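Please open the structure in your viewer and keep the selection tool at hand. The tour below moves from stop to stop, saying at each one what to select and what is there.

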Amino acid sequence: MKKHELLIFIFLCLLTSGISAQVTFVVQSLPSNTPPLESLYIAGDFNGWQPGMPDYKLSKNEAGKWSITMAAKAAGSVIKFKITRGSWATVEKGSAGEEIVDRSFTFGNNSTVDITIANWADGSGGATSTAASNVSIISTDFLMPQFNRTRRIWMYFPPGYETSGIRYPVLYMHDGQNLFDVLTAYSGEWNIDETLNTLAASGKRVPIVVGIDNGGGNRIGEYTPWKNSQYGGGDGEKYMLFITETLKPYIDQHYRTLPDRENTGIMGSSLGGLISHYGSLKNQATFSKAGLFSPSYWFSDSVWVFTHKYGKQQDMRIFQLCGTNESAGMVGDMQRMNDSLVRNGFSQNTIFNKIVNGGQHNEALWRDAFGEAYLWLFDTYITAIQKPAATSEITCFPNPVTDVLTIITDRKIIFDSIRVIDMKGRIVKTISVSKDNKVNVQNLAPGAYMLRCIQGDNKTDVKFIKK
């Protein structure tokens, strides 16, 4: 062999020595209850854990088995994955319906990997629910008019809610499937109910939590305000309008909430952390607290322009969390966001940054940090002394109203002040002492409002409709 040919050969050997062969995953066995007409997908850290991406759809091989061939990676590279039927509601589970650890594969000599699927999330096989008794599904098909689709909505009620007669702050959370119940969780649950119940038992005051299921294949779109050239997205603004203009008014109307911004928070992880960042800054009149767990700031550089544009408008508390074993840029992006928030008006003592050594991008990381995040975000509420309202029986007449609203109480009360609050938590009218307990609402725009009647330390809210 000539010298120059030998050098080329050696160069090619060096160039390719670190690359392993591609791998083919073959599903050898499926649960008997697998719907015959549905397709299978692979989801993992290589595609942002998206459960039904067309590029990761399995196909039938010559033997009639579902399979997919993945591109080669450097020898020693590790990927984590699971098989779904297109959504996290149909992810694979253990034989008894229990959560299973993420599958993993290390690129090397193996070129074919056989997979056996024992069960699906929607065929739980007798596993028991882990949701506490004070967790309820208030709707399986709550209308999202902004998208013309529906969604399951969960609610956690503080212990004693039924008899306390008091109102509670509200924390809105994304990925509701993963918050309360192992049966619906696709990567483990957050144990929100267990954590808050434990805090309540120790004497801490806890909030109402509203959990909104993600939309499966619509998750990327709903949780991202901007488009990504690879993953799409961009419907985050409409998703936040659903929360602020549809869901929150419903919750405030039907449950004993403290609807003002000081008592309203939002929290999520990964893309849920991104939409919580966007939603809290965009709607500072509605939210005063944001929990941003492993936030996906990488999704779009627009997040930095957005943060500069909106900056601090009102006081907020922001809790950022990530682990050192997440994506390579996660820690740096979180620190960069901290600096961006400070440059744009937020005080450093209102931003809490927690970096967990060895922490991975999963529910275990977020579950372990939830209690600490809640205690920090809602510190003022937790430490305040709350008294049952002495003026619990309040109505207003007429309702709906055109011009003047009269407040009717079960005993003679002269309120210190009366405030009219819109469904975004903004005070639109204040009466500093009303001797006749009448409120002129003639100039209000038509819609739903909350009337807050204040006497000393007592606050009582009643909803009314302006025609």
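Which residues in α3 meet which residues in α9? Before selecting anything, bear in mind that this is a predicted model. Begin with residues 192–201, which form helix α3, and add residues 363–377, which form helix α9. On the α3 side, the residues to highlight are I192, T195, L196 and L199, and they meet F370, G371, Y374 and L375 on the α9 side. Sorted by class, this contact has 6 nonpolar and 2 polar residues, with no charged residues.

With both helices still selected, turn the view until their axes can be followed. The axes come within 10 Å and cross at roughly 55°, and α3 and α9 are therefore oblique to each other. The crossing of α3 and α9 is right-handed.

Next, select strand β5, residues 78–84. Is this strand enclosed by the rest of the structure or left open, and why? Of the 7 residues of β5, 5 are buried, so the strand is largely enclosed by the rest of the structure.

Now add the strands that pair with β5, which are β2, residues 41–44, and β7, residues 103–106. Strand β2 runs antiparallel to β5 and is joined to it by 4 bridges, and here I42 has I83 in β5 as its bridge partner. The pairing of β5 with β7 is also in the antiparallel sense, over 4 bridges, and F81 can be found standing opposite R103 in β7.

Taken together, these strands make an open sheet of 3 strands in the order β2-β5-β7, with antiparallel pairing. Because β2 and β7 stand at the edges and each has a single partner strand, one side of each is left without a neighbour in the sheet. From one strand to the next, the twist averages 40°. As you look along the strands, it may help to recall that in a regular strand the side chains alternate between the two faces of the sheet.

For the next stop, select Y297, which lies in the loop between β15 (289–293) and α7 (302–310). Is Y297 buried or exposed? Its relative accessibility is 2%, and buried means under 20%, so Y297 counts as buried. Leaving aside residues up to four places away in sequence, Y297 touches L274, H277, L292, V303, W304, Q320, D333, M334 and M337. You may also select G236, which is 61 residues from Y297 along the chain, and whose C-alpha atom is separated from that of Y297 by 14 Å.

The last stop is an open sheet of 4 strands, which has the order β21-β20-β23-β24 and antiparallel pairing. Select β21 (427–431) and β24 (458–466) to see the edge strands, each of which pairs on one side only. On average, and ignoring direction, neighbouring strands of this sheet are turned by 20° against each other. Finally, show strand β23, residues 447–455, beside β24: the two run antiparallel and are joined by 9 bridges, and the bridge partner of C453 is T460 in β24.

Definitions and conventions
Residues numbered from 1 in each chain as written. Predicted model: local features only at pLDDT ≥ 70, side-chain atom pairs only at ≥ 80, totals over all residues. Heavy atoms only, no water. Axes fitted to C-alpha atoms, helices over the stretch in contact; angles between N-to-C directions. Parallel < 35°, antiparallel > 145°, perpendicular 65-115°, else oblique. Left-handed = near helix turned anticlockwise from the far one by under 90°. Contact = heavy atoms within 4.5 Å. Nonpolar A, V, L, I, M, F, W, Y, C, P; charged D, E, K, R; others polar. Buried < 20%, exposed > 50% of the residue type's maximum accessible area, 1.4 Å probe, protein only. Pairing = 2+ DSSP bridges.
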